[in-house]
Amino acid sequence: SQTSFEEDSQKQPAVGHWKTLMPSKGSKEEPEPGCQDAGGVDETQSTEQLNVSRLRSSSVEIREKGSEFLKEELHKAQKELKLKDKECERLSKVREQLEQELEELTASLFEEAHKMVREANTKQAASEKQLREARGKIDMLQAEVTALKTLVITSTPSSPNRELHPQLQSPSKAVFRKGHGRNKSTSSAMVSAASQNVTPEPVSHECREVDSILFAEFQAWKESPTLDKSCSFLDRIYREDVGPCLDFTKQELSELVRVAVEQNTLTIEPIASQTLPVVKVSAGECGGPKKCALSGLPRTCKHRIMLGDSGNYYYISPSCRARITAVCNFFTYIRYIQQGLVRQDVELMYWEVMRLRREMSLAKLGFYPSEM
């Protein structure tokens, strides 16, 4: 503004003085023209300088005030920026803390969920195991009840059941009893609920003496009963009784029968009780009503066996049935002991085991009851 003002002042025309041609009446003598012009020029120059200085001072004041205002605004903006930075820093820390807490909470929830799943799976497995054991015991008890009912129903005064009245049997047949009371290999009318609590009746006019070695082996097995044949008690019985009793002419089928008996998956049923199903194996392998599948000899077969759930039936002769039944009776009794169902003295249980071993030996030699 000062510069424009100076330019404007320079562009203005010089101010001149008019001379009066004739002095007015009564006026004094005017000064000389030269002196009058010099005084006007000095006065004009001083006025211009004064105006310029004023403009300069006002411009400086405006600049100073603007600078002060801008400094104040800048200072305020800096303060606000520092406050916002502090707030952003605080919010960042809060966010990091929340994220860390969220991660810890998520990890703890996943760990707790996995723990609950593991506990649920463990409980489910235990429950399923208990259910299977309970079903097995129920099937066993139902079979025993059915066998006892059959024995009771078939005994009448006119036709007594010799199984219930062993005193009516002849001395030569007193050692035999009915060996199989139901289809499954775990069943046996011989080992009934009564035999668990009542002392088995000894054969008439028979003397017996405990073998110290066999009794010691049985006592050791009784302390921790197991079906593992590596123990000395079962190893001896396998070698001396079970193995020879289940050693038939057809070796491959004999091995399958032995495995099924050990695993408790063998089924024996009379042929006349059901309609004969379609057999999936050849007639030479399964035998027939007139041929035994285990011995391969022509025999009248009244029963047939099924191994597990294969659906294949094999016809067996009465002698083979007696041998299989004797082994099944032995395994049934030791399973009862293992499950804690036999409440007898150790010596009484020992003699029952010896009696079952004798039945296996007799069956191996070809002796079996006529009702087989």
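This is a short talk on a predicted model, going from the sheet and its helices to the core, the salt bridges and the aromatic pairs.

Let me begin with the sheet. Three strands make up an open sheet, arranged in the order β1-β2-β3, and their pairing is antiparallel. At the edges are β1, residues 266–270, and β3, residues 313–316, each of which pairs on one side only. From one strand to the next the twist averages 30 degrees. As general background, the strands of a sheet pair through backbone hydrogen bonds, in either a parallel or an antiparallel way. Here β2, which covers residues 303–307, pairs with β3 in the antiparallel sense over four bridges, and if you would like one position to look at, His 303 stands opposite Ile 316 in β3.

Two helices should be viewed together with this sheet. Helix α6 packs on the sheet and touches β1, β2 and β3, with its direction making about 75 degrees with that of β2. Helix α8, residues 318–338, lies across β1, β2 and β3 and runs at about 135 degrees to β1.

Staying with α6, which spans residues 251–263, I would point to Ser 254, which has its place in that helix. Is Ser 254 buried or exposed? Its relative accessibility is 3%, and because the limit for buried is 20%, Ser 254 counts as buried. If we leave aside neighbours within four places in sequence, Ser 254 is in contact with Leu 246, Asp 247, Phe 248 and Leu 294. The same helix holds a salt bridge between Arg 258 and Glu 255, whose closest N and O atoms are 2.2 Å apart. These two residues are three apart in α6, and so are separated by about one helical turn. Arg 258 counts as buried at 18% relative accessibility, whereas Glu 255, at 39%, counts as partly exposed.

Now to the core. In soluble globular proteins, nonpolar side chains tend to be buried together. In this model the largest nonpolar core has 50 residues, and those that touch the most other members are Val 242, Leu 266, Leu 294, Ile 305, Ile 324 and Phe 330. Two or more residues each come from α4 (212–223), α5 (232–245), α6, β1, β2, β3, α8 and α9 (346–364). Which element gives the most to this core? That is α8, with 11 residues. Ile 324 is a useful residue to centre the view on: not counting residues up to four places away in sequence, Ile 324 touches Leu 246, Phe 248, Val 257, Val 261, Leu 266, Ile 268, Leu 294, Ile 305 and Ile 316.

Next, the charged side chains. Side chains of opposite charge can pair when their charged atoms come close. The count for this model comes to 12 salt bridges, and I would like to spend a moment on Arg 357. Arg 357 forms a salt bridge with Glu 240, with the closest N and O atoms 2.6 Å apart. Because Arg 357 lies in helix α9 and Glu 240 in helix α5, this pair ties together parts that are 117 residues apart in sequence. Arg 357 counts as buried, at 9% relative accessibility, while Glu 240 is partly exposed, with a relative accessible area of 38%. The side chain of Arg 357 also meets that of Asp 241 in a salt bridge, at 2.4 Å from N to O. Asp 241 lies in helix α5 and Arg 357 in helix α9, so here the parts tied together are 116 residues apart in sequence. Both Arg 357 and Asp 241 are buried. These residues belong to a network of salt bridges that links Glu 217, Arg 236, Glu 240, Asp 241 and Arg 357.

Finally, the aromatic side chains, for which the count is eight pairs. The rings of Phe 218 and Tyr 350 have centres 6.1 Å apart and planes at 55 degrees, so this pair is tilted. The pair links distant parts of the chain, with Phe 218 in helix α4 and Tyr 350 in helix α9, 132 residues apart. Phe 218 counts as buried at 0% relative accessibility, and Tyr 350 does too, at 1%. Phe 330 and Phe 331 form an edge-to-face pair, 5.6 Å centre to centre and with 70 degrees between the planes, and both of these residues are buried. One aromatic cluster is formed by Phe 215, Phe 218, Trp 221, Phe 233, Tyr 350 and Trp 351.

Conventions
Residues numbered from 1 in each chain as written. Predicted model: local features only at pLDDT ≥ 70, side-chain atom pairs only at ≥ 80, totals over all residues. Heavy atoms only, no water. Buried < 20%, exposed > 50% of the residue type's maximum accessible area, 1.4 Å probe, protein only. Contact = heavy atoms within 4.5 Å. Pairing = 2+ DSSP bridges. Axes fitted to C-alpha atoms, helices over the stretch in contact; angles between N-to-C directions. Core = buried A, V, L, I, M, F, W, Y, C linked by side-chain atoms within 4.5 Å. Salt bridge = Lys/Arg side-chain N within 4 Å of Asp/Glu carboxyl O. Phe/Tyr/Trp six-rings, centres within 6.5 Å; stacked < 30°, edge-to-face > 60°.
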